[in-house]
Amino acid sequence: MASWLKMLKDLTVRSHVKEVRTPPPMPSDEDWVKPLSYLRIKELLSASTDIVFREFILKGKQDIQCSLAVVDGLIDKQIIDQFILKPLMVDFAGELEKMDLTQKTAPDLILSRLAPANEIKKIDKLGDALDGILSGDAVLFLGEESALLIGARGWVNRGVAEPQTESSVRGPREGLSETLRINTSLIRRKIKHPSLRIKSLKVGELTRTDIVVTYIESLASEDVLNELYDRLSRIKIDGVLESGYLEELIEDMPYSPFPQVTYTERPDVVAANLLEGKIAILVDGTPIALIVPVVFAEFMQVSEDYFERAMIVILVRFVRFAGVFLALLAPSIYIAVTNFHHEMLPTDLALSIAAGRENVPVPALLEALIMVFALEILQEAGLRLPRPMGQTIGIVGALIIGDAAVKANLVSPIMVIIVGLTAVATYAMPSYDVAIAIRLVRVPLMILAGSLGFFGIGVGLYALLIHLLCLRSFGTPYLSPIAPLRIRALLQDTFVRAPWWALKRRPHLIETKEPKTGGNS
Amino acid sequence: MERISVHQFMIVSASMALGITFFPIAQTVTKEAGRDGWWCVLPGFLAVLPFALMILSLFKRFPGKNLIEISDNIIGKWSAKGIGLVYISVSTLFGSHLLALVGDTFKRTVMPLIPDMVFIGSMLILVVMLVWAGIEVYGRFTEIVFPIVFLSLILTMLFSIPRFEWDQFYPVLANGIKPLAFGVLKVTSYGMQYILFLAGVLSFLPREQENQKRFKTEIQRALILVGMLNTLVVLIQIMVFGPDETKRLNFGLLTLGRMIEIGETISGIESLFMMFWMGAMIIRISGLFFMVLWGLRSVFGIKDELKWYLILAGVFYLVGSLASGPKFARTLDLIALYVNLPFASLWVLTVWGIAYWKQKGVQG
């Protein structure tokens, strides 16, 4: 009985005593540049269960204590077994002594004769080993202070699929994926020229995210490139999980609603931009490539513009710019005309609008604001729901906003038409970011139109124009080639797209090293 | 240091020379020369050209300096400071009166119930935004806005063609040439505002030698373009309203806009055009705001700090508010004719003359 009581007491006491454990050590900043040390690596990583240290001995002239460090799940086990462990432990096990294997000769011997892996190199920094292991490579430690980094990355990935947000009727169907190396290979397949540069960097103190900066050396402006590297090097952040983190950290004016960095899911778009002298940034773990510098007119362009015939593209671009105009100004013009400038309307239309608004209890501005707000809620709700439910929301929204609200005299029929037109026009813009910016700017313009009519719209538009003129993307004025005026670029590839046979010289939208050639010359 | 390109210089020159002269010019010249008033416009603007060329020749010798700084070198520190003070005062007075005119124009034409202060305040916010953004952004702003203003003027004139009364054109020169001279003088007083702007903007022009010839060409182009455009503005008002009605109408161009009908669908589009012409007002007032700042920098050596912009905006607002009333539009004309014209012409002639004489002396 006494022993039972004692046991119970022990258990009770133990459950109340906080277990004091030493936290696993964190790599300090100095660790990354320190010389290699197997013990330190093991100290830093052995607390994680997914990290495997496969220790073995190579028996040569000297016995060498080896250890292969990998992250389970990030490596291709076949590479590890067939090209590292098997040759060392089975195929050449008996010949190591004859080969004069010692602690000093081991790295070179393995590199040149024993391990038939295609990516293999010597490393001497602790940081290189840590990065290698944690990025999915294998590190073979040969004793305490020397090691080989062996490319053995291999994990489950989505593969190359059709891009979801940038589908096209004509053109390639492949999209970028979450795996960096697949993305670089997709770009390399399109530009098979030695001038294509693919430079790797790491960003994020904790995530150590791999990013790739890619450009064509003979085209990309050195100033832009240096500025980009400068901005990337200044980033101090714990983690980069998506390209959006970088976008906000490197853009010129983060408080602007307008994007100053463009992005794409399509490798053909990346390649086309590189051919214009731009620079792409790929982030591991995201199927998006950021592209800099960018000008506003480029947000109105899609890849198909270059696959279709020029005349069709001219018409389609006109429709898109008309879409921007309508999305930005349709509700404001309606409010201004109905509140202040009736004289602009023909009598029949003015009477029809007045009749429609007769029983509506709120002023036109409030009516428009309610409708636009309801539309925004519907859009946001529809965006996140599973597809079948999204359609339901669309139908319910259309019925409630369209029919029921008009019958209940909450809004006038013409307002439904205006808001519907505005919504459709918003989707005519190829860039989601610009569409959001336009949606944001639309509301203050409506308020200005409701308070000051066309003068208010004028104030809003001129303020917007001044803001856009102040914007730059890596030094390139945002409204180029309209201001500063670049006639050739304006006529070749802005509001219109000249036929390929007329594109003798590269459109001078941004600063490039080689602006005079390009196109089909 | 910011710079504007040669093309931007041409557009800025045209925008500043045009300003909002298209509003009062028809009334001004028909008061002097009746139905022949349109003859005065182009010569009036071209009369400004020699002064512009003199300033450019000084810029060639003193690259990177504005005319106040050049005056400092040529006629001495204290004289230059005195000239700088007049430059600042004239620009402030003209700019703030122009602001008041903008408020008055909107109030009398399209928005009668809104107080003047709202127009003046809104315009001033835009002007400060633009000027704070710098001369490069200003140059780019004019590159976009000037063609729109130009096009809207051309459209107004084109849509007015059906209302032409061709007999208003005749008889030509019935009152002789003498009245034309007064008309030319008045138009030149408008153009002289551009000369004062040119005196300040010099330091932002590209200094390369190869651009010197292009500056001259671009100024000629700008003045001819503005002269021809304003000639058409006057001619069309005379043809539609006749000389007597043109003399009477304060905002003849807006009345033209009100009369426009496009296929019985859209009418009375003057409020729409006012929105475009607002751009011309912003350019002109911003130009004057810049001039005051350049003057303050040259005379007092102030730094590029936001507080100076805000203080100056306050001064513009205050003077603009006080300038309301029926007489201020006339005050604007008086400033142009009796202050701008003699000040700008005497200043440029004196500095250029002394510089030329000194150079001759050195060579001789």
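User: A nonpolar core is a set of buried Ala, Val, Leu, Ile, Met, Phe, Trp, Tyr and Cys residues joined through C-beta atoms within 7 Å. In the largest nonpolar core, which two residues touch the most other members?

Analyst: This is a predicted model, where local features need pLDDT of at least 70 and side-chain atom pairs count only at pLDDT 80 or more, while totals for chains, interfaces and linings use all residues. To find your way, residues are numbered from 1 along each chain as its sequence is written, and chains are lettered from A and ligands numbered from 1 in the order in which they are written. A residue is buried if 20 or more other C-beta atoms (placed from the backbone) lie within 10 Å of its own, exposed if 12 or fewer, and partly exposed in between. The largest core has 213 residues, and the two that touch the most other members are B:Met123 and B:Ile195.

User: Which domains of chain A does this core lie between?

Analyst: The domain bounds come from an automatic or database domain assignment. Two domains of chain A both give residues to this core, so it lies between them: domain 2 (180–294) and domain 3 (306–477).

User: Which residues does B:Met123 touch, not counting those up to four places away in sequence?

Analyst: Two residues are in contact if their C-beta atoms, placed from the backbone, lie within 7 Å. With those up to four places away left out, B:Met123 touches B:Leu99, B:Val102, B:Met281, B:Ile282 and B:Ile285.

User: How many residues are in the second, separate core?

Analyst: Among its members are A:Cys66, A:Leu68, A:Ile133 and A:Ile150. The count for this second core is 37 residues.

User: What radius of gyration does chain A have?

Analyst: The radius is taken over C-alpha atoms, and the globule rule is 2.2 Å times the number of residues to the power 0.38. For a compact globule of 521 residues, that would be near 24 Å. Along the principal axes, the C-alpha atoms of chain A fill a box of roughly 105 × 85 × 40 Å. The radius of gyration of chain A is 31 Å.

User: Which helix gives the largest share of the side of chain A that touches chain B?

Analyst: The contact takes 24 residues from chain A and 31 residues from chain B. Helices (H or I, at least four residues) and strands (E, at least two) are DSSP runs, numbered from the N terminus. The largest share of chain A's side, 13 residues, comes from residues 432–470 of chain A, helix α15.

User: Where in chain A is A:Pro484?

Analyst: Most residues other than glycine have a negative phi, and most peptide bonds are trans. The bond from A:Ala483 to A:Pro484 is cis, with omega near 0°. A:Pro484 sits in the loop between β12 (476–477) and α16 (487–493) of chain A.

User: Is A:Arg208 buried, partly exposed or exposed?

Analyst: A:Arg208 is in the loop between β6 (196–203) and β7 (209–216) of chain A. Its phi is positive, near 45°, although A:Arg208 is not glycine. With 18 other C-beta atoms within 10 Å, A:Arg208 is partly exposed.

User: Which residues of helix α5 (residues 67–75) of chain B are buried?

Analyst: After α5(B) comes B:Gly76, whose phi is positive, near 105°. In general, an α-helix has 3.6 residues a turn, so residues three or four places apart point the same way. The buried residues of α5 in chain B are B:Leu67, B:Ile68, B:Ile70, B:Ser71, B:Asp72 and B:Ile74.
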